[in-house]
Each structure stands twice: as structure tokens, then as C-alpha cells.
Amino acid sequence: MRRKETAACALALLAPWAAVHAERSAPDFAALVAKHEARAIEDRRWFHAHPELALRETETQAYVLAALADTPGIEIVDGDWGTGVVAILRGNGPGPLVAWRADMDALPIAEETGRSFASTRTDTSEGRAVGLMHACGHDIHMSVALGAARVLSDARVAMRGSVLFIFQPAEEIGAGAARMIEAGVFEDGRLPKCILALHDHPTLLAGRVGSCPGYASANVDAFRLTVKGRGGHGAYPHETIDPVTLAAEIVLALPAIVAREISVDRPAVISVGSIHGGSKSSAIPDEVVLSATVRSRDDETRSELQARIERTARGHAAAAGAPEPVLEYLLGTPAGTNDPRLVAEVREVFRRVLGEENDLVYEPGMGGEDFSYYGRIVPGFQFRLGVGREGVEMALHSSTFDPDESAIPVGVRVVAEALWDQLHRPKDD
Ligand SMILES: [Zn+2]
Ligand SMILES: [Zn+2]
């Protein structure tokens with residue numbers, strides 16, 4: 001799968017010039033982006049029309065591999081990447097390795113945008129037939145990554161160091177990044193000096209970018225609680241132990257943990273998203289199952305929440321004289337941090353390319369993102385790429401999410417320039 005360099009002679013002739021002038025001879029990025037813009041939009045529409053769920057991104061993988069094979073200077077890195085793709089673009093001279101990550105998976109949502117390239121695909125998820133859609137914009141992420149790879153490929157004669165492109169599956173289920181790392185994406189001499197990524201953002205207008213230095217994404221944990229009782233006839237509740245009432249009490253007691261037991265300085269969220277029990281109005285069931293997401297920003301709060309949820313569930317069950325409930329607790333994606341120094345450096349590029357007015361700072365929320373796994377190993381920064389349209393309300397994970405494609409060349413430009421800047425930035429420590 002490795003592609004041989006085909007322009008070796010030209011590179012040899014240009015090498016001395018590149019070595020001396022690389023820092024000051026930045027390519028004409030505007031022209032290169034214009035050259036590759038139409039292809040990037042074509043790529044995006046193909047990805048959009050061919051969405052695939054997490055860990056099933058086989059056609060997507062084949063498309064990415066073919067596109068990269070068509071990009072001079074790109075080497076595909078063999079490895080146990082599942083449906084992911086790893087590639088390296090080597091420059092013409094010594095320099096660091098910097099990494100770019102794009103995610104690949106779509107969502108089980110039936111599209112309702114009415115676009116000519118809208119998805120009509122279906123698959124099965126949790127035993128149900130579902131429509132599929134790139135409703136989180138990972139189609140944009142991949143097309144921007146391929147566009148940036150083409151731009152930097154054209155500029156590689158003057159480029160120092162190398163860029164590691166990581167096309168990662170299964171972001172939506174929080175599993176892809178950890179798998180890529182376990183499979184050795186940063187091994188065999190591929191530990192980058194930093195890693196960058198973007199996520200499209202519908203409430204930020206196309207042409208703008210957003211940054212969040214420091215804490216950026218939450219610990220995303222979950223639990224499933226089986227509340228046990230003793231079923232019986234609804235007309236004689238005193239002869240039962242009612243798990244429905246008990247579950248209702250627990251659902252109301254959980255937010256009180258956040259409100260009354262965790263300092264307001266430490267953001268936390270417990271949201272029960274599903275509750276299932278019983279099958280008939282006059283029958284009290286034996287058990288009720290509820291599931292919830294638990295969000296926090298720091299490790300201490302994370303473990304406190306787990307302990308207090310367990311105590312609250314057990315305590316309410318004991319008070320009701322019920323059997324001990326079963327708590328299955330799942331520690332998911334860890335909190336993510338955008339390295340403040342890396343953010344400051346990349347924002348210099350944003351301001352230069354897009355203008356100060358388009359370089360925004362946002363407050364972090366309680367969303368999760370498995371990009372955080374990479375940032376625990378090397379300095380990382382994931383920024384927001386505006387894909388919003390003036391006067392149009394849009395949300396990620398919605399069937400009507402319809403990003404402004406004019407954001408794609410903007411993304412290609414800032415990604416190519418930010419990677420270039422990291423490669424050519426003089427060492428100052
Ligand atoms: Zn998503
Ligand atoms: Zn996403």
C-alpha cells in the first residue's frame with residue numbers, strides 16, 4: 001500500500017534551495033486551496049451520500065485510501081487500524097512530525113435536508129433498521145483533511161518535517177481514538193510533537209473559527225442501574241416492593257448529588273436518559289432499569305460522582321426494603337485539554353489567514369470528544385470550524401443539519417497553514 005515518491009529528481013534539484021529558504025518561502029496557500037477546492041467539495045458530497053456507522057466505515061476507508069494513493073508523496077502506514085487509515089506526508093528536509101486527526105463515522109439518523117447528495121442509506125443499529133447520516137459533519141472533517149493533504153503535497157518540496165494524517169473511525173461511540181493508540185499509531189517513530197483536529201460547528205458562521213484554551217471537553221461516563229423490587233398486583237401495592245416508585249425517587253435524588261454535594265466550582269451533570277419497567281398498568285414489575293450519562297471535568301469529581309451515585313441508589317433501596325440494586329458503571333472518554341501554548345500558536349495563523357474578527361474564543365461545555373485520548377500523550381488542540389449560515393438554526397446530530405460548504409476551503413486553508421506553521425516554527429526551548 002506504500003506509494004513511491006515519483007518526483008525524486010525534481011526534489012533533489014530543489015533540495016538546497018528548500019533547505020536554505022524553507023522558513024521564509026511559505027507556499028501560495030490561497031492559490032493551492034483554490035486549486036483543490038472543487039475536489040474537496042466533491043469528496044465531501046461522496047462521504048455525505050455514503051455514511052457508515054462506527055466500526056463499519058469500510059467504503060469510507062476505501063475512498064480515503066484511494067484519495068491518498070492519488071496524492072503524490074503520501075505513504076500509507078500499514079497497521080491494525082480496523083476501518084481507520086494512517087498516512088504520512090514527508091517533507092524535503094529535517095523537521096518535526098505533526099499530526100492531524102479526522103474522524104470518519106456517521107450516525108443512525110434519517111436525513112431530511114432534501115439536498116441532491118442527501119443520504120438514503122440504511123443499516124441496523126441495536127436490532128433496529130435505521131437511516132444513516134453524516135449529521136455530525138465528519139464528512140466535512142475528512143474532506144478538509146484530504147484537501148490539506150493535497151495542498152501540503154503540492155508544497156512538499158519546500159516543506160520540512162512530516163505530517164501524520166490519522167483518519168479515525170468510531171468517534172461517535174468514543175472508541176476510535178483509544179483503538180488507534182492501542183494499535184500503535186504513535187509508535188515506530190511516529191510520536192508527533194503535537195496533534196491538531198477540528199470539529200465543525202453550526203452556530204459559528206462559515207468563515208470563522210473558535211478556540212478554547214485549556215479544559216475543552218468533559219469526562220463522559222455512563223451507568224445502567226437495575227432497581228429491584230418484588231412484583232405483584234397493582235391493586236395491592238402493600239404486598240409488593242414497588243421498583244417503579246423506588247426508581248422515580250432515585251431519578252429525583254440523583255440531581256441533588258450535583259446540587260448539594262459537589263461544589264459549584266466543579267461542573268458536573270447527571271442526566272437519566274432512559275427508564276424502562278413494567279408492561280401493564282395493573283401489574284407492579286419486579287424491576288426497573290434506568291440509564292444515565294454522567295459528566296465532569298476533573299478526575300476527583302469523576303470518582304466522587306461514581307461513589308455518590310452508588311450510595312444514593314443503595315440507600316434508597318435499603319430505605320424501601322428492596323433488594324440491593326445492580327449498578328453497572330462505565331468510565332468513558334476522559335476530559336480533554338487544549339494545550340494553551342499550542343492554541344496561542346495556531347491562533348496566530350487563524351488571525352493572519354481569516355482576520356482577527358473571525359478568530360473567536362468559546363467557553364467550554366460538558367460535551368465529550370475522544371480526541372482527548374491523543375491529547376493525554378502529546379499536546380493537542382481541537383478547534384471549531386464554523387459551518388453556520390446567517391439566520392439559519394442548525395444543530396449537530398439533527399436530521400436537518402446542513403453545513404455551509406464554503407467552510408470547506410476555509411478549513412483546508414487553516415489546516416494546511418497551521419500544520420505548515422508547526423513544522424517550520426523555530427524551536428524556542
Ligand atoms: Zn457527533
Ligand atoms: Zn462529531
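# Reading two sheets and their helices

Reader: Which strands form the open sheet of 4 strands, and in what order?

Author: In this predicted model, the order is S12-S14-S10-S15, with antiparallel pairing. As a general idea, strands of a sheet pair through backbone hydrogen bonds, either parallel or antiparallel.

Reader: And which strands are at the edges of this sheet?

Author: An edge strand pairs on one side only, and here that describes strand S12 (268–277) and strand S15 (326–330). Neighbouring strands of this sheet are turned by 15° against each other on average, direction ignored.

Reader: How many bridges join S10 to S14, and how many join S10 to S15?

Author: S10 and S14 are paired over 10 bridges, in the antiparallel sense. Strand S10 (residues 219–228) also pairs with S15 over 5 bridges, again antiparallel. If you'd like to find these pairings in the viewer, try two residue pairs. Lysine 228 stands opposite glutamate 287 of S14, while threonine 226 has valine 326 in S15 as its bridge partner.

Reader: Which helices go with these strands?

Author: There are two to look for. Helix H7 (residues 299–319) packs on the sheet and touches S10, S12, S14 and S15, with its direction at about 10° to that of S10. Helix H6 (residues 243–261) lies across S10, S12 and strand S14 (287–296), and runs at about 170° to S12.

Reader: How do I read the packing of H6 and H7 against each other, and what is the handedness of the crossing?

Author: Start with the angle and the spacing of the axes: H6 and H7 pack at about 145°, and their axes are 10 Å apart. The crossing is right-handed. Then look at who meets whom. From H6 come Leu246, Glu249, Ile250, Ala253, Leu254, Ile257 and Glu261; from H7 come Leu305, Arg308, Ile309, Thr312, Ala313, His316 and Ala317. By residue type, this contact divides into 9 nonpolar, 2 polar and 3 charged.

Reader: Let's turn to the sheet of 8 strands. What is its order, and which strands are at its edges?

Author: This one is also an open sheet, ordered S1-S2-S6-S3-S7-S18-S8-S17, and its pairing is mixed. Strand S1 (74–76) and strand S17 (359–361) are the edge strands. From one strand to the next, the twist averages 30°.

Reader: Where could I check a pairing inside that sheet?

Author: Try strand S2 (residues 85–90) and strand S6 (residues 162–168), which run antiparallel and are joined by 6 bridges. Valine 86 has isoleucine 166 as its bridge partner in S6. Helix H3 (residues 58–69) packs on the sheet here, touching S1, S2 and S6, and its direction makes about 15° with that of S2. H10 packs on the sheet too, touching strand S3 (97–103), S6, strand S7 (194–205), strand S8 (209–211) and strand S18 (380–388). The direction of H10 makes about 155° with that of S7.

Reader: H10 has a helix partner as well. How do H2 and H10 cross?

Author: The axes of helix H2 (residues 29–49) and helix H10 (residues 407–424) come within 9 Å and cross at roughly 125°. A crossing at that angle lies between the perpendicular range, 65 to 115 degrees, and the antiparallel one, over 145, so H2 and H10 are oblique to each other. Their crossing is right-handed.

Reader: Which residues make that contact?

Author: On H2 they are Phe29, Val33, His36, Glu37, Ala40, Ile41 and Arg44; on H10 they are Ile408, Pro409, Val412, Arg413, Ala416 and Glu417. This contact divides into 8 nonpolar, 1 polar and 4 charged residues.

Reader: What does the hairpin of S4 and S5 look like?

Author: Strand S4 (residues 122–125) and strand S5 (residues 128–131) run antiparallel, joined by 4 bridges. Threonine 122 stands opposite glycine 131 in S5. The hairpin has 2 residues between its strands, and glutamate 126 takes a positive phi near 50°.

Reader: Finally, how is the chain divided into domains, and how far apart are the centres?

Author: The domain assignment gives domain 1 (8–217 + 335–424) and domain 2 (219–330). Their C-alpha centres lie 40 Å apart. To see where the domains touch, look for 5 residues of domain 1 in contact with 6 residues of domain 2. On the domain 1 side, these are 3 nonpolar, 2 polar and no charged residues.

Methods
Residues numbered from 1 in each chain as written. Chains lettered and ligands numbered in written order. Predicted model: local features only at pLDDT ≥ 70, side-chain atom pairs only at ≥ 80, totals over all residues. Domains from an automatic or database assignment. Contact = placed C-beta atoms within 7 Å. Nonpolar A, V, L, I, M, F, W, Y, C, P; charged D, E, K, R; others polar. Pairing = 2+ DSSP bridges. Axes fitted to C-alpha atoms, helices over the stretch in contact; angles between N-to-C directions. Parallel < 35°, antiparallel > 145°, perpendicular 65-115°, else oblique. Left-handed = near helix turned anticlockwise from the far one by under 90°.
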